[in-house]
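Colleague: I'm new to this one, so could you walk me slowly through one part of it, the place where the ligand sits?

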Amino acid sequence: MRSLLFVLSLICFCSQTTLSWKKEEFRSCDQTPFCKRARSRTPGACSLIVGDVSITDGDLVAKLLLNQEDGDQIKPLVLSLTVYKDGIVRLRVDEDHTLNPPKKRFRVPDVVVSEFEEKKIWLQKLATETISGDTSPSSVVYVSDGYEAVVRHDPFEVYVREKSGDRRRVVSLNSHGLFDFEQLGKKTEGDNWEEKFRTHTDSRPFGPQSISFDVSFYDSSFVYGIPEHATSFALKPTKGPGVEESEPYRLFNLDVFEYDHESPFGLYGSIPFMVSHGKSGKTCGFFWLNAAEMQIDVLANGWDAESGISLPSSQSRIDTLWMSEAGIVDTFFFVGPEPKDVVKQYASVTGTSAMPQLFATGYHQCRWNYKDEEDVAQVDSKFDEHDIPYDVLWLDIEHTDGKRYFTWDSVLFPHPEEMQKKLAAKGRKMVTIVDPHIKRDDSYFLHKEATHMGHYVKDSSGKDFDGWCWPGSSSYIDMLSPEIREWWGGRFSYKNYAGSTPSLYIWNDMNEPSVFNGPEVTMPRDALHVGGVEHREVHNAYGYYFHMATSDGLVMRGEGKDRPFVLSRAIFPGTQRYGAIWTGDNTAEWEHLRVSIPMILTLGLTGITFSGADIGGFFGNPEPELLVRWYQVGAYYPFFRGHAHHDTKRREPWLFGERNTELMRDAIHTRYMLLPYFYTLFREANVTGVPVVRPLWMEFPQDEATFSNDEAFMVGDGLLVQGVYTKGTTHASVYLPGKESWFDLRNGKTYVGGKTHKMDAPEESIPAFQKAGTIIPRKDRFRRSSSQMDNDPYTLVVALNSSQEAAGELYIDDGKSFEFRRGAYIHRRFVFSNGVLTSTNLAPPQARLSSQCLIDRIILLGHSSGPKSALVEPLNQKAEIEMGPLRMGGLVASSGTKVLTIRKPGVRVDQDWTVKIL
Ligand code: NOJ
């Protein structure tokens with residue numbers, strides 16, 4: 001009976017395609033005891049003080065003790081503060097292991113990159129200072145030339161401040177005394193620690209173990225980050241004056257069905273990293289490495305009016321409250337001060353994003369599902385018929401034999417290898433889906449092996465956890481174990497994955513993990529991982545480990561020679577090292593198109609640059625205008641994929657009449673033309689952590705008008721794109737920051753910076769501009785896929801600033817292997833100055849890659865005179881200069897400005913040369 005009821009509810013769950021988000025399926029803060037407790041604490045509640053301070057092994061080490069008067073219910077906690085180069089402070093607080101806590105609290109391994117420890121600054125000495133009003137001295141340590149960290153003893157507080165001037169604060173913890181650390185308990189008779197939600201009971205064998213504290217960001221106008229939420233880029237306050245009622249921002253990886261386009265509710269991924277930015281142009285950041293459920297409040301100005309706590313009034317400030325169900329305090333303070341410094345500091349802890357293969361930066365065509373091999377062949381040939389480039393065709397869960405991953409439906413996909421080879425012959429790839437739930441079927445080889453080897457997560461009683469997902473009764477691989485991850489990786493070898501070929505890559509979905517009959521559609525918190533780690537402690541990192549194991553598996557498959565491509569839905573800090581992600585099951589609505597930009601900007605700011613939203617919206621049927629606008633915006637997403645639910649109508653780009661096909665083709669062509677620029681930006685992200693798609697304030701940190709703009713975005717430092725997010729719009733207001741001009745990408749028209757322009761947004765394109773002073777590399781020939789463009793010549797678009805100067809870069813490698821790590825790449829710098837364009841080498845001398853590719857065209861935007869020719873050195877040849885309309889994409893610009901084009905200068909992309917305008 002129970003199982004019948006369950007199957008019925010499952011049918012309901014899966015066919016809810018026309019309903020919207022079911023709020024009651026998920027816990028609110030009020031229904032989450034640790035959140036409710038933390039949220040109701042009042043400022044100053046913390047009575048811990050700092051004692052026993054010393055410098056040990058280069059760290060500041062101390063105890064957090066209760067104030068004498070408060071008795072001894074809490075055992076002393078251990079605090080350590082470590083300083084790293086480039087303005088990073090790490091603060092850890094945990095229970096004292098020498099005092100025999102019931103077990104070790106979970107410290108998240110495998111996220112902080114190993115190189116990070118090399119940046120440690122070994123503290124030698126400790127200064128003391130009595131802060132005015134305090135009765136006891138505090139400890140002060142060196143952070144960098146400009147900054148120092150203060151550990152205030154009584155009351156306990158930690159902050160980073162500038163060293164000179166009026167020693168402005170940067171970021172602080174526990175300035176409002178909300179720090180609380182619930183210690184693990186040993187159950188005794190009569191203790192009932194169970195927590196119930198709907199039909200589920202969490203046994204909570206160690207009792208309450210949550211941690212909470214307040215964090216303040218100084219000289220700040222806005223805070224950003226902490227994905228994944230569908231909400232504005234600048235985070236709105238969730239508590240305090242002016243906020244009627246709001247949930248905190250939740251970080252708990254969940255499979256949220258039909259999510260709302262505006263909500264602090266947590267989606268599929270969690271990155272507890274917040275960034276603040278303010279009028280001074282300064283940025284700082286705070287990161288809490290913790291994988292348990294987290295809730296974060298952004299507190300509205302004045303929330304603490306009655307607290308009696310006073311902080312420097314000369315500094316604007318944003319206060320936040322951080323609450324987590326379990327784990328330890330392992331936090332990082334990043335001093336910035338520039339926006340790019342903060343993202344680099346965070347990247348030095350969690351890693352930069354993996355360098356994708358070139359194909360992965362092109363267009364991906366997905367659908368749940370392409371039915372069979374014939375369907376695949378048809379879709380593939382239609383792209384060619386309609387002259388639309390694409391790189392990857394995707395197969396969703398229906399391609400398998402009964403949702404048994406690593407298998408093929410033998411009727412629908414009888415010749416998987418042949419199918420992949422046909423695509424590969426045109427330079428195209430295939431992606432198949434592999435989820436973490438394994439069908440509990442005794443005749444399924446994977447289930448047999450995983451059961452036999454004990455590779456599944458256990459339920460609280462120690463049996464293999466059994467939950468429902470697509471295949472029905474399923475178990476979940478325990479990705480926390482390095483041995484199991486290695487075993488999992490081995491499943492991707494050509495031998496183990498029958499029917500796979502070298503052009504097949506992987507999609508990891510449902511890895512929050514999604515469990516249809518679990519509490520909040522996920523795994524029970526008291527399920528057990530290797531080493532007795534409770535699921536509650538590791539929940540938000542489960543999908544990360546799965547992604548990691550799959551990505552490493554593809555590296556093994558290719559014997560370390562082929563860069564992996566794995567798309568993941570769940571995310572955690574460090575995800576950027578393993579592949580791309582997408583924003584999950586959005587809806588075919590204009591507001592979902594709009595919110596995709598703040599979501600992608602947030603992900604980029606917090607390390608994950610390779611992201612995108614399903615073009616067209618996953619649920620529902622987009623009207624053609626929405627679909628076209630989505631392609632136009634999506635062409636600038638770092639990850640560019642069309643995808644749709646199986647209940648939706650087919651929506652490949654040629655199905656909406658000739659004109660719409662033309663518009664979508666043009667959007668996709670634009671992306672392909674810009675691939676050299678995107679690839680160069682992916683390399684920048686790979687080296688530095690600076691994202692491909694950026695908020696305007698990352699490039700214009702002083703410009704307040706940009707701080708809350710999340711409808712426009714920068715692609716690199718050279719392009720500004722303004723999406724169109726409303727039906728029937730033919731005009732857009734676009735704010736163009738800075739002092740320099742901007743050139744309309746489509747027709748070369750010039751617009752002054754520092755102003756909002758009302759401009760046309762005809763159906764042909766969305767507004768996009770190149771910043772004066774930049775040089776953007778393109779490839780203008782239209783091909784079927786990115787690999788077919790390999791030998792094509794380049795176009796350089798030189799947008800001159802008011803001093804008639806410009807600069808830009810181009811990065812090239814083989815687009816697929818890891819040879820770039822051994823120096824097999826080309827990195828050029830182009831500078832235009834005094835009428836001369838110069839190409840110089842940026843790669844180290846040992847870098848060795850050559851290319852026969854030529855620069856075919858140099859377009860000069862904003863050139864003041866009308867020269868006729870140019871001198872190319874060292875060839876000592878003349879090249880013609882033409883005056884003509886700017887061409888971008890297949891559609892003819894409605895009103896074009898004439899621009900100068902140097903035709904066929906004949907220079908190679910891998911060599912030094914100059915082109916002098918005569
Ligand atoms: C949920 C994913 O978010 C969606 O993209 C996919 O199509 C379905 N699962 C089926 O695999």
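How many residues of the shell around the ligand are nonpolar, how many polar and how many charged?

Modeller: Quick warning first: this is a predicted model, where local features need pLDDT of at least 70 and side-chain atom pairs count only at pLDDT 80 or more, while totals for chains, interfaces and linings use all residues. Numbering runs from 1 along each chain as its sequence is written, and side-chain values use heavy atoms, with hydrogens and water left out.

Now your split: the shell has eight nonpolar residues, one polar and four charged. Here Ala, Val, Leu, Ile, Met, Phe, Trp, Tyr, Cys and Pro count as nonpolar, Asp, Glu, Lys and Arg as charged, and the others, Gly among them, as polar. In total 13 residues surround the ligand, and D396, D509, R569, D585 and H643 come nearest. To be near, a residue needs a heavy atom within 4 Å of the molecule.

Next, zoom in on some polar contacts, meaning pairs of N or O atoms within 3.5 Å. D585 has a polar side-chain atom 2.4 Å from an oxygen atom of the ligand. For D396, the gap between a side-chain N or O atom and a ligand oxygen is 2.5 Å. R569 joins in too, with a side-chain N or O atom 2.9 Å from an oxygen of the ligand.

And how covered is the ligand with all this around it? On its own it exposes 290 Å², and the protein buries 99% of that, with areas taken from the Shrake-Rupley method and a 1.4 Å probe.

Definitions and conventions
A polar contact is a pair of N or O atoms within 3.5 Å; within protein, one must be able to donate a hydrogen and the other to accept it, and residues adjacent in sequence count only if both atoms are side-chain atoms.
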